[in-house]
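Hi,

Here is the structure I promised you. Have a look at it first, and my notes follow underneath.

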Amino acid sequence: MPQKNRTVKGVLGGLLGLVGLSVVAGVLVTATVTPALAVAGAAGSQALDLFENLPSYLKPDAPMEPSSFYGKDKNGEWFTMATFYDQNRTQVDFDEINPVVYDAILSSEDKNFYEHGGINIGATVKAVVDNLKKTSSRGASTISQQYVKNVLVQQCEQEVLPGEENYDDKIAQCWEDATNAVGTDGIERKLQEMRYAIQIEKDYSKNEILLGYLNIASFGGTIYGIEAAANYYFNTTAAKLTVEQAATLAGIVQNPNTYRIDLYGGSAGEGVNGEADGWALTKDRRDYVLDRMYTDGKITEAQHTTAIESPITPDIKQPTQGCAAAGNNAYFCQYVKTVVLGDAAYDDTFGDTANERRESLQRKGLQIYTTLDMRIQEPAIIGLRDRVPANLDNQHLGAAGVTVEPATGRILAMAQNTNFRETHSDDQAYTSLVFASDYDHGGSTGFQVGSTYKLFTLIDWLEKGNSVNETINGTNRIFTKMKCGDSPVPMSSKIGNFANSGGYVGSPMRFTRDSLNSGYLAMAEKLDLCDINAVADRMGVNLGNMGKVTDENHPYDVLGSKNISPLDMASAYATVANKGIYCEPRAIDKVVDQAGAERPLPQASCSQVISPEVAATAAYALQGVMNGGTGAQANTGDGVPLIGKTGTHESWSTMMIESSTKATTAVWVGRWEGQANITNVWANNGLLQNARYGIARDMQRAANEALGGGDPFPEPDKNLTRRVLVNLPSVIGQSIEDATKTLEEAGFSVTVGDPVDSDAPEGQIAEQDPGAGQVSSGTTVTISPSNGKGATVPDVTGSAPDEAVAALHAAGFLNVSLHGSCRGPGSEVENTSPSAGSAASKSTTVTVKC
């Protein structure tokens, strides 16, 4: 059984080894080294000092180790999502290895390990002589020397950064230089190895050296360390290895790429050492190890017999690395990977060059704890799978859902309908593009987000001091007064409303609830298009191709014509839910290095980008979307207050965004390439254009449950919800054209009624409804022109009946009827019908009452 501490005999052996080395050095110098060095031009006296002058200190660095991403499962426990490595290695502690492994290694490689001081003098002299003769370049190494050799190889390999030119050749050369050097280089290497081994024995216990060796050694291919070897070759752990398995691995480590047992066609030539010959070379080496173990008394005769008779039986557990191993979480994994490899904010965490970033990911053994929450992620995965096929019709059907935490920006879920594959596939069910994010974080360039972009017009409307209850003419028309600064950017044609609606006069509250395109264009016409896009920019929105939303300004921007990632849109709505504070999305909570220390992370980036009053009032309007508006189908039904917005662009791109105060969810369903129709297309027992509602509802409901629901949104600002009255001018007496112009310039819509009886010239406005005075902004005014056939009823009140009849005849009313009471003597007119001052056709009968 291996010992935890050095024995007295071992310490003396180390001292004797050091003394002996001086003798050996002298022997080597006089018998072998001097001639070799003389050829190289070195003097004899220098040769005598060669060994003593070699560096004696070697600090074993942490070996290359996989880095891993972790998420939280439904029980709040961390689980491994994916690993990344150049060398597949899992370091274990001394007690995590079955003692039979130590017995196998020591019996076959260094049976006197616990007695010697780090080197085997006799074997070393023989190896050096053989080296000079160029008959051999291997052998004679103790476990301590082999550990040193592996440390040196590892240090050499760590200097070759991932991505370097000729990477594979340089890595191979590290091994060649450390193991196969001949002649003078070989002697110096062996002497240096011995020198380091002696010092290692002084600095570390025997058990630490033995464990270090088993954790660092190569077991063939990319498999390093005893734990990874047990996992890979036998689908078990180092603690559970059997005698036969331990002996096999002890044999493999002697010549890893020859004795490996994962190449079924053979590892040493066509058909040699493969499944066909029962891995004959490996079995011979294994049996040698078993013989040595039996001879040393480490196993019984029965164990030896049973093990010798057993065949080599690998149970290969193919390691999977990279995001492909993350399964349904692969797209979130890919997002995190892009942060590790390229996000400048994490320079202090992962390195400030591309090569350093790759090294951190593939070699540094980092434990990267992400923000993924399976309580929300799993419903997202199920919702997408159940409603949107990975490939419906070979026309690039895609869908993605993402949930963020407004108060922190943490990405809690990110999933999509396709299957992750980094290599190209003709099957559109497979892609590496991360639909939920932008080009820098997964290669996607975003999608046209439709009416969800109306949020930024609403925010700008409120920031300009306008009320959500102001009445606006939202009837559909060509909007000619759109502008960007001093530059006009008018529309050239009408835009369509849902169901071909003609629009209506209404308020931003109603326009938001109904997602009325013409209503929002009417709002935008009173604003500045550049300001609207600047609001989006301020709220963290970029184009999917990493451009700025403010770079170009078009009228159709109001309706979501720009390509933007669902994550950016989710973060913008999260800003409203977070009282106007925007938090930049983040996917990493903690990073722990190999030594167990936390690496620094960038500070959370949160800032107030819109005022709390504007945010509260915008939320007030957006609640109507979820309560009877266009987003009602996505309402979670759990009583949690929600804001939301729907979005549809043409017939190929749809969105649903909804949010509580604690979680914001955005779902996109559409075509990730091309513009094939999804409207009225059935898939998985539902209409594709409606799939967004169910997916978003399931994700948001899960988030509400996981995060404890949500608080009521703040009350809206009273000034931003006020009723707005404006002055309506009189247009009586104007022509239809002039009256229409006067009213429209004042902000009113105009309807021309039927001609009315009036004594005004034909075509002049004789009536308007409502009349001049204070009215709601945006009111529709009906103007009625004169038909030229009317007259005004004169006021004959108090006159005698005969005088009244004469006055009416004079005014043009020839048909006059006297009420019975007007026929008696002394009668006096009380009123007329039609009444005095009213216009009426001259043929109208005027009734006089006394």
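**What I found**

Let's start with helix H26 (residues 801-811), which lies across S28 and S31 and runs at about 165° to S28. Bear in mind throughout that this is a predicted model.

Those two strands belong to an open three-stranded sheet with the order S28-S31-S29 and mixed pairing. At its edges stand strand S28 (816-818) and strand S29 (831-833); each has a single partner strand, so one side of each is left without a neighbour in the sheet. From one strand to the next, the twist averages 25°. S28 and strand S31 (residues 846-849) run parallel and are joined by three bridges. If you want a spot to zoom in on, Val816 has Val846 as its bridge partner in S31.

There is also an open sheet of four strands, in the order S2-S1-S3-S15, again with mixed pairing. Here the edge strands are S2 (78-84) and S15 (588-592), each pairing on one side only. Helix H17 (residues 374-387) packs on this sheet, where it touches S1, S2 and strand S3 (367-373), and its direction makes about 60° with that of S3. Strand S1 (residues 67-72) runs antiparallel to S2, with six bridges between them; Gly71, for one, is partnered with Phe79 in S2.

Now for the insides. The largest nonpolar core has 124 residues, and Phe456, Met539 and Val576 touch the most other members. Leaving out residues up to four places away in sequence, Val576 touches several residues, among them Leu455, Ile459, Met539, Ile610 and Ile643. A second, separate core holds 58 residues, including Ile187, Phe219, Ile252 and Ile299.

Cheers

Key
Residues numbered from 1 in each chain as written. Predicted model: local features only at pLDDT ≥ 70, side-chain atom pairs only at ≥ 80, totals over all residues. Heavy atoms only, no water. Core = buried A, V, L, I, M, F, W, Y, C linked by side-chain atoms within 4.5 Å. Buried < 20%, exposed > 50% of the residue type's maximum accessible area, 1.4 Å probe, protein only. Contact = heavy atoms within 4.5 Å. Pairing = 2+ DSSP bridges. Axes fitted to C-alpha atoms, helices over the stretch in contact; angles between N-to-C directions.
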